[in-house]
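Trainee: I have a structure open and would like to go through some of its helices and loops. Can you take questions as I scroll?

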Amino acid sequence: MTDRRQYDFVVVSNRLPVDRVVDPDGTERWQRSPGGLVTALEPVMRASDGAWVGWPGKPDLELEPFSADDTYLVPVALSSDEVADYYEGFSNDTLWPLYHDVIAPPSFHREWWDAYVRVNRRFAEASAAIAAEGATVWVQDYQLQLAPKMLRELRPDLVIGFFNHIPFPPYGIYAQLPWRKQIVEGLLGADVIGFQRVADAGNFTRAVRRLFGAASTKGHEVRVPVAEGAAPRTAIAKAFPISIDAAMFEELARRPEIQARAAEIRSELGNPDTIYLGVDRLDYTKGIRHRLKAFGELLRDGRTKAGDSVLVQVASPSRERVEAYMQLRDEIELTVGRINGDYATISNSAIAYLHHGYPREEMVALYLAADVMLVTALRDGMNLVAKEYVACRHDNDGVLILSEFAGAADELKNALLVNPHDIDGLKETMLVAASMPARERASRMRALRKRVRDNDVARWSASFLAELASVRDAR
Ligand code: GDG
């Protein structure tokens, strides 16, 4: 039976928070999916009776709404052409590289844009259909930047929030986008537009001023350009740094079986002095090549050797049909093969490279096993891995090396901050981390842990939703 209820709280994101899995006996079921956004919103959804609108993750799949994990899920169907043009194309090969400071060259194609407009409209219509009168609708991320305006046109009664999980680039880069005005107008359909960093919110308000005139913003407030005679509106553009469920990670990290697994990982790696760890989606923004280069040079220069240290790199498969990602995978795997070929011994690898996704328990065991966590992103909205590592280290041990270009660097000042482009600097920092005295490790980790505990994901969503609630109160 299809439930035609309407909901007071609706989350809208490109993907539903579940994946379709087929068991060995052929039965199909939905399983909660891993990844930054799902991890972040899981506790919020658990605490509210809400609905979630999103694509089920497979092309040409027309599904009726269904419930899973206490959430009402509303699938939005995409054809395989739309997956290619809206998702792999405009979202992941135009917006993603553009918003990450053009680390890879963005492609601009008008047919991709047409698909982006069409799919955003479909998401807006699906959300308008299930939102109750005056409901709060929270749209997520760069794939859906046009949806807030479309939704407002369909349902002016709604309170609409938008959160951008990735950076918002400086105007000099953003201005390359042929549809720069339409995207900003789309976002301004929201009452509250949230960003990871203060700098991202600043880049956005500067883009508004460049496109719509100097008088259009004041502090966090943006005067929304409206048609002549229409009622004036303002929107808020502000930073809400996302976080993790720190208590949940700590609880996992305290479980005896996970600690035993961490010890087992260390022993399987030959009990080296230093385990360096990287955990990333296989993405060119994450700086995986830079970290491999630095580690390879330390081995080449005899400043460490296989057996004394090892780099464990989890590179979970991502966007495997986008050309830039295929190329990146080839480059990384060639580099790993070369370094292992040159420096591994029969008993000790130099790099343990794992192109898999793992259960969360295994990730936590890896965090506990690692002496040094390497987060060397060239540009990253936030980077939840850095916060997860810190949350797991209840032993107040372990060293976090963190890129200045990850949003997390604004908060995690007690990490060893690095510029990942500076390979020599990165190498020195890796050695400093490996030989840091226990007292310094503990005092840094204590400060980091306080920060992550005090600013967890519940606080993130509560502060965003409180901002939306004050918009509602002011109406
Ligand atoms: C975007 C922004 C922003 C990874 N591999 C496995 C696995 N993961 C989990 C990590 C972490 C999440 O995925 C990755 O989150 P990140 O924040 O590191 O990066 P993105 O995926 O790029 O996320 C980012 C985020 O959105 C939230 O706003 O921070 O800047 O780019 O939770 O642990 N989890 C499991 N197995 C894996 O193999 N279970």
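**Helix H13 and its surroundings**

Mentor: Start with Asn383, which counts as buried at 7% relative accessibility. Keep in mind that this is a predicted model.

Trainee: Where does Asn383 lie?

Mentor: Asn383 is in the loop between strand E16 (372-375) and H13. Its phi is positive, about 90°, although Asn383 is not a glycine.

Trainee: Why mention the sign of phi?

Mentor: Most residues other than glycine have a negative phi.

Trainee: And what does the side chain of Asn383 reach at the start of H13?

Mentor: A side-chain oxygen of Asn383 comes to within 3.1 Å of the backbone nitrogen of Val385.

Trainee: How many residues of H13 are buried?

Mentor: Nine of the nine residues of helix H13 (residues 384-392) are buried, so the helix is largely enclosed by the rest of the structure. Among them are Leu384, Lys387, Glu388 and Cys392.

Trainee: Lys387 is in there too. What is its relative accessible area?

Mentor: Lys387 has a relative accessible area of 1%, under the 20% cut-off, so it is buried.

Trainee: Which polar partner does the side chain of Lys387 have at the side chain level?

Mentor: The side chains of Lys387 and Glu411 are joined by a polar contact of 2.8 Å. The Lys387 side chain also reaches the backbone oxygen of Ile242, at 2.8 Å.

Trainee: What else does Lys387 touch?

Mentor: Not counting residues up to four places away in sequence, Lys387 touches Ile242, Ser243, Ile244, Met382, Glu411, Leu412 and Val452.

Trainee: Val452 is in H15, I think. How do H13 and H15 cross?

Mentor: Val452 is indeed one of the H15 residues that meet H13. The axes of H13 and helix H15 (residues 438-454) come within 9 Å and cross at roughly 115°. The two helices are therefore roughly perpendicular to each other, and their crossing is left-handed.

Trainee: Which residues meet there?

Mentor: From H13, Lys387, Tyr389, Val390, Ala391 and Cys392; from H15, Met445, Leu448, Arg449 and Val452. The residues of this contact divide into seven nonpolar, no polar and two charged.

Trainee: Switching to another helix pair. At what angle do H3 and H4 pack?

Mentor: Helix H3 (residues 110-130) and helix H4 (residues 147-154) pack at about 45°, with axes 9 Å apart. That makes H3 oblique to H4. The crossing is right-handed.

Trainee: What do the two sides contribute?

Mentor: H3 brings Val117, Asn120, Arg121, Ala124, Glu125, Ser127 and Ala128, and these meet Ala147, Met150, Leu151 and Leu154 in H4. The residues of the contact divide into seven nonpolar, two polar and two charged.

Trainee: What comes before H4? I see a loop with Asp141.

Mentor: Asp141 is in the loop between strand E7 (131-140) and H4. Asp141 has a positive phi of about 80° although it is not a glycine. Its relative accessible area is 9%, so Asp141 is buried.

Trainee: Now the strands. Where is Val279?

Mentor: Val279 is in strand E13 (residues 274-281). With a relative accessible area of 8%, Val279 is buried.

Trainee: Which residues is Val279 in contact with?

Mentor: Leaving aside neighbours within four places in sequence, Val279 is in contact with Arg291, Gln313, Val314, Met363, Tyr367, Met373 and Val385.

Trainee: And how far is Val279 from Leu374?

Mentor: Their C-alpha atoms are separated by 8.1 Å, and the two residues are 95 residues apart along the chain.

Trainee: Next, Ser318. Buried or exposed?

Mentor: At 12% relative accessibility, Ser318 counts as buried. Ser318 is found in the loop between strand E14 (309-316) and helix H11 (323-343).

Trainee: What does Ser318 touch?

Mentor: Arg281, Leu282 and Tyr325, not counting residues up to four places away in sequence. With Arg281 there is a side chain to side chain polar contact of 2.9 Å.

Trainee: Last one: Ala247. Buried or exposed?

Mentor: Ala247 is exposed, with a relative accessible area of 54%. Ala247 is found in helix H8 (residues 246-254). Its C-alpha atom is separated by 51 Å from that of Glu228, and the two residues are 19 residues apart along the chain.

Notes. Residues numbered from 1 in each chain as written. Predicted model: local features only at pLDDT ≥ 70, side-chain atom pairs only at ≥ 80, totals over all residues. Heavy atoms only, no water. Helix = DSSP H or I, 4+ residues; strand = E, 2+ residues; numbered from the N terminus. Buried < 20%, exposed > 50% of the residue type's maximum accessible area, 1.4 Å probe, protein only. Polar contact = N/O pair within 3.5 Å; in protein donor to acceptor, adjacent residues only side chain to side chain. Contact = heavy atoms within 4.5 Å. Axes fitted to C-alpha atoms, helices over the stretch in contact; angles between N-to-C directions. Parallel < 35°, antiparallel > 145°, perpendicular 65-115°, else oblique. Left-handed = near helix turned anticlockwise from the far one by under 90°. Nonpolar A, V, L, I, M, F, W, Y, C, P; charged D, E, K, R; others polar.
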